[in-house]
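Me: I'd like to go through the packing and the aromatic contacts in this one. Can we start from what counts as a core?

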Amino acid sequence: MTEVIIQVEDERTGLSLVTLKKAIADNLFYIQGKFPGIATNNDYYMALAYTIRDRLLQYWLNTTSIYLQPEVKIVSYLSAEFLMGPHLGNNLINLDIEPIIRQAVTELGLNLDELIEQESEPGFGNGGLGRLAACYLDSLSNLEIPAIGYGIHYEFGIFQQIIHNGWQVEITDKWLQYGNPWELVRLDAAVFVKLGGYTEAYFDENNQKRSRWIPSRVVKGIPYDTPILGYKVNTANLLRLWKAEAAESFDFQAFNVGDYFGAVDDKITSENISKVLYPNDEPSQGKKLRLTQQYFFVSCSLQDMIQRHLSQGQSLETFDQKFAVQLNDTHPAIAVAELMRLFVDEHHLNWDVAWNITQKTFAYTNHTILPEALEKWSLELFQDLLPRHLEIIYQLNQKFLNQVAIKYPGDRGKLARLSLIEESDDRYVRMANLACLGSHAINGVAALHSELLKDTVLHDFYELWPEKFSNKTNGVTPRRWMVLSNPRLTKLLESKIGDNWIKHLDELRKLEDFVEDSDFRTQWRQVKREIKEDLAKYIQAKNHIVVNPDSLFDVQVKRIHEYKRQHLQVLHIISLYNQIKHNPNLEITPRTFIFGGKAAPSYYMAKLIIKLINSVADVVNNDPVVGDRLKVVFLADYNVKLGQRVYPAADLSEQTSTAGKEASGTGNMKFALNGALTIGTLDGANVEIRKEVGAENFFLFGLTMDEVNALIAKGYNPFDYYNNNPQLKEVIDLISSGCFSQGDRELFKPFVESLLYHDPYLLFADFASYLDVQSQVSQTYQNQELWTRMSILNVARMGKFSSDRAIREYAQDIWNVQSVEIELKDLCPDGQCSLV
C-alpha cells in the first residue's frame, strides 16, 4: 500500500490562490469582525493588509534573530521623520506576489487598485528629509544590511492641506483614524525619559564625584514596530517609532477629590510630545515642544540600543562595534550628549572611555547650507528642559576649546566659531557643532553641497578634521519610484533589458542600445501618453480642470519656499499669458503647469505664493482667448501617494532653486528616472544629474553659485532688472494692477515689494535666462522624436542616483557594516512547534 503524504499549506505564509483567498476572508471575519454584507472598502483593505503582514512576519522574525548575534553590526538611523508612503503596494512588489494577490482579490469580487488607494498616507514625515530616510530604509533591507530606523510615532501628520479661495488652509491629518495594520505595539519594550528638574552632585561608592539628575517629570516611550522588507530578499529590517505616554496616566487621588482635569493632566501633557510632526516653533512653547520631541525619541532609541547590547551579555566598551548610529541632520544631535549621560551617569563609564565610544558610534549627515536652518536652542530652554545635558555640553566644550586653543593659539575668532555655545545677545547651544564634535564622520548630500559645507558653514571643522568629511550624494529607491509608481514604463523596460535593473540601477544603461529604435521610441511615447491621460483624469476629478494630455506637462512639486523659486515659474506663466493677450493668434507649445507642495503654517510669503499660483490659474484657465494653450493646476495636499501619480506623467521637471541654496534634492532624481527632462540651475544634485545625462539632455539656466555670490557682493539691485527688462516689468506690473486679485492692488503688494526691494533669491537676475531656456524647451518639445531620445537617455543614465548606491557608500566608508544573508527558517517545521 502506497503511503500518501499531504502537504497542508500554512494559512499565515502560504501563497497559493486558495490559501490567500481564505486568509483574506479569515482576516475580514476574525480581525475586522465583519462579513461582506456590512464590510466597507476599508475593512477589505485591512483584511488584505493583515494577510500581507502575516507573510512579512516570517522574514522579520528571522531577520530580528540575526540582530542578536554579537558579531553582527547594526545601522541605527535616527531621523525626526520617515516619509514612508503607503505600505501595501510596496510590500506586494518586494514580496513579488502582486499578480497572485491581484487574482485572489479579483476572484473575491474586489478591485486591488481600489484597495491600494484606500490606504492612508502614514503621517510620520513631510519633506525630502523624511523621504530620504524612507528610501534608505528600503535600500538597507534590499542590500541585506541589518538596520533599525528610529523616530517618532506621530499621532497626526504635519497637516492636511486644502485650498480655500486660493489659500492654503491647514486641517488635522487624522491618518490613524482607522488604524494602521502594518505596525505592532511593543508595550513590554517601553522605556522612561526624564525631563526638566535640576542636578545635584554626589560621590559614588568609589569616591568619584558624579552628577545626579532629579527630573521634574518622567514620560514613557512606547515602541511601534513596522517591518521594512527588501526586494526579493529575506531581509526585513525594523522601523521603530516611539509614542509618548504618561508614566502614570491617571491620578486617582486628584480624581477622588473632584480634580477631574488634574487627574489626567500628566497624560495630556505627555502625549502632546508625539502628537504632531513639526509643531509651530514660533512661540516659546513651540520651541520647547520641538526640543522635547527631539530629546524624547533620541533617549528612547539609545536606551533601546543599550538594552539590546547588554541583553546579549556584551560590554558597553564594545557598543560602537555593535551599532553605527547615523544622525539624519541636526534634529537628533542631542544624542551626543544623551549617550554620554547614559554611559557616565547611568552605567558609570569613565568619561574619556565614554567619549571615545561616543565619537566612534555617531556619524552626521548635514542637509543644509543655510545658516539660519542650523538648529540652535537657547541656554535658558536647555537649562529648563535638559539641565544635565547642558552640564555635559559645557564640559565637552571646555575640553574641546582647550584643544583648539593649543592648535590655533590666539585665534579667538576660530574659538568663537567652533564653540558649542553661541555667545551673542542671547546664548545658544549650536546643534550642528555638537554633531560635528561628537561624530567620527560628517557628510553632505551632493558633491556641490559637500564642497560648500567645507567652504562655508562647517569650514572651521573641516580645517580641524578634514579626514571626517566626505560626500554621499542622495539617491532614491527604484522599487517605489519606478516599479510601483510607473508599472507601464517598468513593463516596457523589462521587455527590452530584463528586470535586473530594479536591484542594479546602473543596468539602465542598456537602454541606450534602443535610442535609435523607432518602434521603441513610439512605445515610449505611448506609455507616457497613457500615464498623462491618467493624471488628466485625476486633475479633472479633483480640480475640475480639463487639461490636454498632448500638452507639455510642466511640473514643480516640492515644499513651497522662496529659495526653491516656484514664483519664478509663475512669472513665466504670466509672461506667456501676456504674449497671448497681445497676439491672440500666437502659436505656442501648449503647456499644462502643475504645482504641488505645502507651505509651513507660519511662512506667510510661501502661503502668498500658493495664493498667487491659484489666482493666476483662475484667470488663465478661464480666459477664452487662452483656450487650451495654457492651463495652471495646483494639486492640494501633495504627498507620496500623489507623487506616485505625478512623477511618471511629467514631461518637464522644474528645478529652479537659486544656485548654492539647495543641498541636493531628490525630486529631481525621481522625475528624471521616469523620463522627464530637467530645466534647472547648477544647484544641489542638478550638477551631477546634468553630468550623468549629458549637458545636451538638460536645460540649464541661471547664474552659477560664484556668479550669485559676486552679484550680491557687488550690490544687487533688483530694480535695475525691473527697469531694463520690459517683459519682466510688464509681468510685475500686471500682478500689481490687481489683474489676478479681482482688482485688489493690496493683496500681492507684499510679494511684489519683496521682489522689487529685496529679491533675496535673485529671481529678477535669472528671469531673462529662464525665459530664453524655456523657449528652447518649447522648440524641442515640438520635435517629438528628439524629445523622446532625450527622455530615454535621461532614464538610461540615472543609475548613479539609486539609494542602493548611496547606502553602499555609507556602509563602506562610514559605518563599516556588512551584508548578512538571512535564511528563512520555518518556526514550526513539519508542524512540530516548540516555544521554549
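Reply: A nonpolar core is taken here as a set of buried Ala, Val, Leu, Ile, Met, Phe, Trp, Tyr and Cys residues joined through side-chain atoms within 4.5 Å. Please keep in mind throughout that this is a predicted model.

Me: OK, so how many residues has the largest nonpolar core, and which have the most contacts inside it?

Reply: The largest nonpolar core has 213 residues, and those with the most contacts inside it are F382, I735, F764 and W815. Helix 2, which covers residues 41-67, gives the most to this core, contributing 13 residues.

Me: What does F382 touch?

Reply: Leaving aside residues up to four places away in sequence, F382 touches L291, I334, W377, P387, H389, L390, I393, V429 and M431. Apart from the largest core lies another one, of 59 residues, which includes A446, L505, I539 and A676.

Me: Switching to rings, how many aromatic pairs are there in the whole structure?

Reply: A search of the whole structure finds 24 aromatic pairs. In one of them, Y716 and Y721, the ring centres are 5.6 Å apart and the planes stand at 55 degrees, so the pair is tilted.

Me: Are those two buried or exposed?

Reply: Y716 is buried, at a relative accessible area of 17%, whereas Y721 is partly exposed, at 29%.

Me: And what about F719 and Y722, how are their rings arranged?

Reply: F719 and Y722 form an edge-to-face pair, with 5.7 Å from centre to centre and 90 degrees between the planes. These two residues are three apart in helix 29 (residues 718-724), which means that about one helical turn separates them. F719 is partly exposed, with a relative accessible area of 26%, while Y722 counts as buried at 10%.

Me: Which residues do ring pairs link into a cluster?

Reply: Ring pairs link Y77, Y136, Y810 and W815 into a cluster, and W815 is also among the residues with the most contacts inside the largest core.

Me: Which charged ends sit over rings?

Reply: The charged end of R212 sits over the ring of Y202, at 3.9 Å from its centre, and that of K532 sits over the ring of F553, at 4.7 Å from its centre.

Me: Last one, where does N180 lie, and what does its side chain reach?

Reply: N180 lies in the loop between strand 4 (167-171) and strand 5 (184-185), and counts as buried because its relative accessibility is 15%, with the cut-off set at under 20%. Its side chain reaches the backbone nitrogen of W182 at 3.1 Å, and a polar contact of 3.1 Å joins the side chains of N180 and E183.

Terms used. Residues numbered from 1 in each chain as written. Predicted model: local features only at pLDDT ≥ 70, side-chain atom pairs only at ≥ 80, totals over all residues. Heavy atoms only, no water. Helix = DSSP H or I, 4+ residues; strand = E, 2+ residues; numbered from the N terminus. Buried < 20%, exposed > 50% of the residue type's maximum accessible area, 1.4 Å probe, protein only. Polar contact = N/O pair within 3.5 Å; in protein donor to acceptor, adjacent residues only side chain to side chain. Contact = heavy atoms within 4.5 Å. Phe/Tyr/Trp six-rings, centres within 6.5 Å; stacked < 30°, edge-to-face > 60°. Lys NZ or Arg CZ within 6 Å of the ring centre and 35° of its normal.
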